[in-house]
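Visitor: I should like a close look at a single part of this model, namely the surroundings of the bound ligands. Please describe what lines them and then what lies around that part.

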Amino acid sequence: MNIFVINSGSSSIKYQLFTATNEAPLCSGLVERIGLADGHITHKFLRDGQEVVINIDRPVADHEAGMLEIGELLTRPDIAVIHHAGEIGVVGHRVVHGGETLTRTTVITPDVKAKIKDLYPLAPLHNPGHYKGIEVAEKIFPQAIQIAVFDTAFHQTLPAKAFHYAIPESFYKDFGIRVYGFHGISHQYVSGKAMSFLGKPDARLITIHLGNGCSMAAVQAGRSIDTSMGLTPLDGLVMGTRSGSIDASVLLYLMEQKQFSAAQLSTLLNKQSGMTGLTGHSDMRDITQQLQAGDPQAQLAYALYAYRIKKFIGAYAAAMNGLDAIVFTAGVGENDPLVRELVCKDMDFLGIALDATRNATREPGIRDISAHDAKTKVLVVPTNEELEIARQCRTLLEE
Ligand SMILES: Nc1ncnc2c1ncn2[C@@H]1O[C@H](COP(=O)(O)OP(=O)(O)O)[C@@H](O)[C@H]1O
Ligand SMILES: CC(=O)OP(=O)(O)O
Ligand SMILES: [Mg+2]
């Protein structure tokens, strides 16, 4: 039974089509820069054993438009790897927020869909896209079992001291206000890869997922024990359009003294802040160009972005009483050597030191970029959320 996996992020949709047993996909693709003026679609598939890549430059207005483009590519007769929609038995969906009730991989029922919708306010850049993605997939693949895999699930192991906020307990009991944590599918996948690479199942790892959304996790012996995002994917690191951690009083001040509404504050912190707020751009490739042109705002933005990551590394090394490796992953983590350099600079007290050549060299697959005598390993591990989702779908169906 073929499994089609859809991973919709805040700026992109990634997809892969797997057979029942293979971990190498029949086809895969990426719709990126969604909502920006210059959208791009990459679709890859095998023809007679050779990889064929189709590139399309076209603005993609939103996630629904992106999903429809993907549906067309999958079934276009000249390039189709399947011949009819019935060949897809399972569609696996990444869902960012599962809240208190959707805590593990589950078959999507009307009740599950309603819960995903109820969580829109807690993942405004994601759950609406997932919901639309599910509805489009139900239309394109009406016979398939639709399965949801949650970003929040991997962080269910957080101890109470890490997931409670220091506010009255009734706010947790009555409203479910707690740290959930996100990017769990990616943190789980890359920490598993890193543990195998190091041959150390009890490794103390810090996984650093830097995409459009960014988060870190302290992973000890394969279990997430702390993470930088909170109730929503807004907290923690500086991101493409999100502020990350900010004194809550900033919001109170803006509401009370400057007449900002809740909706305006949500737009400000989720869509107009982070790298966008500092430089006018959300995509690190654009900011690298600004930096190369000597723009001081781009310099400040890079410094702030890396400094926040550095502080979380210190915090999580303390939380685990030591550290075996830090792991960079996702769009920026895998591809931007300058971010890795700024993060790892002056970190020798934690045994972190980079090999400059290895850091600058682009290679596929997992790689160790630490200096040969460094006590703590620095790894780049390409994430594969789609494969992790396919594995979890298979496990659920076997149960
Ligand atoms: N070659 C590159 N150099 C630097 N940054 C890159 C590169 N390729 C992608 N990125 C960054 O990765 C981001 C997308 O990462 P991704 O993990 O796909 O995001 P998401 O899933 O959050 O939408 C882009 O916004 C861009 O900032
Ligand atoms: C949770 C989150 O921020 O996801 P993404 O980075 O894919 O937008
Ligand atoms: Mg992502």
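Guide: By class, the shell around ligand 1 in this predicted model comprises 3 nonpolar, 10 polar and 3 charged residues. Altogether 16 residues surround ligand 1, and the closest are Gly9, Gly211, Asn212, Met284 and Gly331. Two helices each supply at least two residues of this shell: helix H10, spanning 284-292, and helix H12, spanning 330-335. Of the contributing elements, H12 gives the most to the shell around ligand 1, with 4 residues. At the level of domains, the shell around ligand 1 draws at least three residues from each of domain 1 (2-150) and domain 2 (200-380).

The surroundings of ligand 2 may be described in the same order. Here the shell divides into 3 nonpolar, 7 polar and 1 charged residues. Ligand 2 is surrounded by Gly9, Ser10, Val96, His126, Asp151, Phe182, His183, Gly211, Asn212, Gly213 and Pro233. Domain 1 (2-150) and domain 2 (200-380) each provide at least three residues of the shell around ligand 2. Gly9, Gly211 and Asn212 are named among the closest residues to ligand 1, and Gly9, Gly211 and Asn212 also belong to the surroundings of ligand 2.

A database record adds a further pair of positions. In an unreviewed UniProt entry, the annotation "binding site" covers Asn7 and Glu385. These positions are spread over 379 residues of sequence, yet they cluster in space, with a largest C-alpha distance of 7.2 Å. Asn7 lies in strand S1, residues 2-8, whereas Glu385 is found in helix H15, residues 385-398.

Are these annotated residues buried or exposed? Asn7 counts as buried because 25 C-beta neighbours lie inside 10 Å. Glu385 likewise counts as buried because 27 C-beta neighbours lie inside 10 Å. Residues up to four places away in sequence aside, Asn7 touches Ile13, Lys14, Tyr15, Arg94, Glu385, Glu386 and Ile389. With neighbours within four places in sequence again left aside, Glu385 is in contact with Asn7, Arg94, Ile185, Ser186 and Tyr189. Arg94 is thus a contact of Asn7 and also a contact of Glu385.

The nonpolar interior can be treated next. The largest nonpolar core has 96 residues, of which Ile206 and Val327 touch the most other members. Helix H11, residues 296-320, gives the most to this core, with 10 residues. This core also draws at least three residues from each of domain 1 (2-150) and domain 2 (200-380). Apart from neighbours within four places in sequence, Val327 is in contact with Val190, Ser191, Ala194, Leu205, Ile206, Thr207, Ile208, Leu379 and Val381.

An exposed position offers a contrast to the buried residues above. Ala20 is found in the loop between strand S2 (13-18) and strand S3 (27-32). Ala20 counts as exposed because it has 12 C-beta neighbours inside 10 Å. Beyond neighbours within four places in sequence, Ala20 is in contact with Met1 and Asn2. Ala20 and Val90 are 70 residues apart in sequence, and their C-alpha atoms are 9.6 Å apart in space.

Terms used: Residues numbered from 1 in each chain as written. Chains lettered and ligands numbered in written order. Predicted model: local features only at pLDDT ≥ 70, side-chain atom pairs only at ≥ 80, totals over all residues. Near = placed C-beta within 6 Å. Nonpolar A, V, L, I, M, F, W, Y, C, P; charged D, E, K, R; others polar. Domains from an automatic or database assignment. UniProt positions renumbered as here; feature names shortened; annotations may be inferred. Buried ≥ 20, exposed ≤ 12 C-beta atoms within 10 Å, placed from the backbone. Contact = placed C-beta atoms within 7 Å. Core = buried A, V, L, I, M, F, W, Y, C linked by C-beta atoms within 7 Å.
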